[in-house]
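Subject: Structure handover

Dear colleague,

I am passing on the structure we spoke about, and my notes on its architecture and backbone follow below it. Please read them with the coordinates open beside you.

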Amino acid sequence: MSDSSVLEVGTEVSAKYRGAFCEATIKSVKKLVKIRISWCKPLSGSATLTQDNIRGEIKIQNTVEARKDGSWVRATVLKITDASTYTVVFDDGDERTLGRNSVCPQGAKHFNEEMTLDHLPLTNPENFGTPVILEKKKKKKKKKVLCVDTT
């Protein structure tokens, strides 16, 4: 099985700390992958197993062999869930153990790290183009509806 759902040690991640996601690095991983399978005929039903109870390539919709009551039975993979726990080290040195839902791999940076606010025109008003002036919106007067009795 390719553990594409399990993050590797040393991976830079964003990890939840006190309600906010902060930059961190994975220090250690306690792997636990849960696989939801559906038994092939003549059996019916489904079960959730760990990867050591399954033989074959574990991919969604693949047919594999799963252990049931000591024997190997054909089954179809329905869902793969990473239930691993990750110990992460934050940039300030704090260490926490978190579940997979509190850790996500960092994407590409969307800004140039060498660029700072000092290089932007915000600190040099002479470089501004035309100033932005907000126009005041006119308030609409509500029309009063008069009821006229024509009887």
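Please keep in mind throughout that this is a predicted model.

I begin with one residue in a loop, Gln 61, which lies between strand E5 (54–55) and strand E6 (63–68). Gln 61 is not a glycine, and yet its phi is positive, near 75°. Its relative accessible area is 57%, so Gln 61 counts as exposed. A second residue of this kind is Arg 18, in the loop that links strand E1 (12–17) with strand E2 (20–30), where phi takes a positive value near 55°, again in a residue other than glycine. Arg 18 is likewise exposed, with a relative accessible area of 74%. As background to these entries, most residues other than glycine have a negative phi, and most peptide bonds are trans. The second half of that background bears on the peptide bond from Lys 41 to Pro 42, which is cis with omega near 15°; Pro 42 belongs to the loop between E3 and E4.

As to the chain overall, the protein has ten strands and zero helices. Of its 151 residues, 21% count as buried, and the chain exposes about 12,200 Å², of which carbon and sulfur atoms supply 52%. Among the contacts with a separation of 6 or more, 48% are between residues 24 or more positions apart.

Strand E3 (residues 33–39) deserves a careful look, since its side chains alternate between two faces. Val 33, Ile 35, Ile 37 and Trp 39 point to one face and are buried, whereas Lys 34, Arg 36 and Ser 38 point to the other and are not buried. E3 runs antiparallel to strand E7 (residues 71–82), to which seven bridges join it, and within that pairing Lys 34 has Thr 81 of E7 as its bridge partner. E3 also pairs in the antiparallel sense with strand E4 (residues 46–50), over five bridges, and here Ile 35 stands opposite Leu 49 of E4. E3 and E4 form a hairpin with six residues between them, and Gly 45 in the turn has a positive phi of about 105°.

The largest nonpolar core has 25 residues, and the ones that touch the most other members are Ile 37, Trp 39, Ile 54 and Val 88. The elements that give two or more residues to this core are E1, E2, E3, E4, E6, E7 and strand E8 (85–90), and E3 gives the most, with four residues. For Trp 39, leaving aside its neighbours within four places in sequence, the residues in contact include Ser 44, Gly 45, Leu 49, Ala 66, Val 73 and Ala 75.

Five strands form an open sheet with antiparallel pairing, in the order E9-E8-E2-E1-E10. Strand E9 (95–99) and strand E10 (103–105) stand at the edges with a single partner strand each, so one side of each is left without a neighbour in the sheet. Neighbouring strands of this sheet are turned by 45° against each other on average, direction ignored. At the E9 edge, E8 and E9 pair in the antiparallel sense over five bridges, and Val 89 has Glu 95 in E9 as its bridge partner.

With kind regards

Definitions and conventions:
Residues numbered from 1 in each chain as written. Predicted model: local features only at pLDDT ≥ 70, side-chain atom pairs only at ≥ 80, totals over all residues. Heavy atoms only, no water. Buried < 20%, exposed > 50% of the residue type's maximum accessible area, 1.4 Å probe, protein only. Contact = heavy atoms within 4.5 Å. Areas by Shrake-Rupley, 256 points an atom, 1.4 Å probe, with all protein chains shown as cover. Pairing = 2+ DSSP bridges. Core = buried A, V, L, I, M, F, W, Y, C linked by side-chain atoms within 4.5 Å. Axes fitted to C-alpha atoms, helices over the stretch in contact; angles between N-to-C directions.
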